[in-house]
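Biologist: Could you walk me through this one slowly, and start with the words I will need?

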Amino acid sequence: MPVCEVCHHHCNLNEGSLGLCRARICKGGVIHCANYGFITSIALDPIEKKPLNRFHPGSNIMSVGSYGCNLRCPFCQNHSISYGYDMLPPRPDIPLRYGTPSELVSLALSCTDSGNIGIAFTYNEPLVGYEFVRDTAKLAHESGLLNVLVSNGNASEAVCDELLPHIDAMNIDLKGFTDDYYEKILKGNRQMVMNFIEKSVPACHLELTTLIVPGFNDTDEEIDSLSFWISELDSGKGAAIPLHISRFFPRFHLTDRAATDIDLIYHLADVARKNLKYVYTGNC
Ligand code: SF4
């Protein structure tokens with residue numbers, strides 16, 4: 001039975017079955033991305049919304065999302081497209097359209113008069129359909145556009161190697177700094193994310209985001225360890241990697257706790273500033 005090697009779940013897929021991410025399928029004994037070219041969301045967003053604060057500030061970027069995700073964050077704000085979603089049967093509440101890489105690039109070029117600098121792969125987890133990101137990003141570069149990836153970073157080093165030459169900037173979630181949180185709550189793999197980040201640092205502009213969820217990852221010690229690890233990356237150049245400390249709101253399955261206290265966000269940002277040069281607060 002073929003095994004998908006894109007992420008830590010290593011799904012064993014029978015003919016015709018989908019992986020945990022609902023975006024990859026086994027067909028003819030080979031695993032493909034089933035969501036190739038299927039677009040659930042598209043918008044011209046300010047680059048700061050990705051969030052990227054130190055990459056072409058003031059510009060816009062055409063942001064596209066498909067469906068599927070390989071994490072199971074109980075507070076996901078995009079759960080309608082991230083999980084529980086696949087094409088069979090189509091969801092009447094979410095319009096799904098098909099766009100080839102060249103169609104998307106043409107659309108992105110048509111928006112340059114509105115300040116568009118390129119294409120951001122975002123909203124769902126782009127890495128579960130990395131083939132579409134790769135093909136579109138290659139064409140976008142050939143047309144002089146920039147490419148941005150917004151990701152949870154849970155993918156193999158092989159996927160990272162395949163994409164990095166085509167990506168100009170990334171925002172990667174580093175959702176916490178304990179294996180327990182990553183494995184038990186998010187169904188992710190912290191080491192895989194750390195490896196992905198380490199490989200990306202020298203290759204493109206990188207910013208990181210940590211959502212502070214009360215009771216899960218909100219201690220001084222955790223944010224100190226997380227920010228210290230970032231600062232040591234790339235022989236100390238990591239101290240200049242921007243970190244976004246973001247406020248949680250009760251959503252989806254996690255409604256048993258209040259939104260993160262704003263003062264705590266400001267305090268944890270100060271903790272991170274002891275190790276990092278650029279720390280921003282979000283959702284405050
Ligand atoms: S990318 Fe999807 S199919 Fe592949 S291992 Fe991860 S969850 Fe499974």
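Modeller: A disulfide here is a pair of cysteine sulfur atoms within 2.5 Å. This is a predicted model, in which local features need pLDDT of at least 70 and side-chain atom pairs count only at pLDDT 80 or more, while totals for chains, interfaces and linings use all residues. Residues are numbered from 1 along each chain as its sequence is written, and side-chain values use heavy atoms, with hydrogens and water left out.

Biologist: OK, so how many disulfides does the search of the whole structure find?

Modeller: It finds zero.

Biologist: Why is there no bond between C160 and C204?

Modeller: Because the sulfur of C160 is 8.3 Å from the one in C204, its closest cysteine sulfur, and that is too far for a bond. For C284 the closest cysteine sulfur belongs to C73, at 19 Å, which is again too far.

Biologist: And is C160 buried or exposed?

Modeller: C160 is buried, at 1% relative accessibility, where buried means under 20% relative accessible area, exposed over 50%, and partly exposed in between, with a 1.4 Å probe and protein chains only. C284, in contrast, is partly exposed at 43%.

Biologist: Changing topic, which strands make up the open sheet, and in what order?

Modeller: Eight strands form it, in the order β4-β5-β7-β8-β9-β10-β11-β12, with mixed pairing. β4 and β12 (279–282) stand at the edges with a single partner strand each, so one side of each has no neighbour in the sheet. Strands (E, at least two residues) and helices (H or I, at least four) are DSSP runs numbered from the N terminus, and two strands pair if DSSP finds at least two bridges between them.

Biologist: How many bridges join β10 to β11?

Modeller: Five bridges join β10 (residues 205–212) to β11 (residues 243–247), and these two strands run parallel. Within this pair, T210 stands opposite I245 in β11.

Biologist: What about the backbone, where is the cis peptide bond?

Modeller: The cis peptide bond joins K50 and P51, with omega at about -10°, and P51 sits in the loop between β4 (41–46) and β5 (60–65). Most residues other than glycine have a negative phi, and most peptide bonds are trans.

Biologist: So which residue in the loop between β4 and β5 has a phi near 50°?

Modeller: That is H56, whose phi is positive although H56 is not a glycine, and H56 lies in that loop. H56 is partly exposed, with a relative accessible area of 40%. R22 also has a positive phi, of about 65°, and R22 lies in the segment before β1 (24–27).
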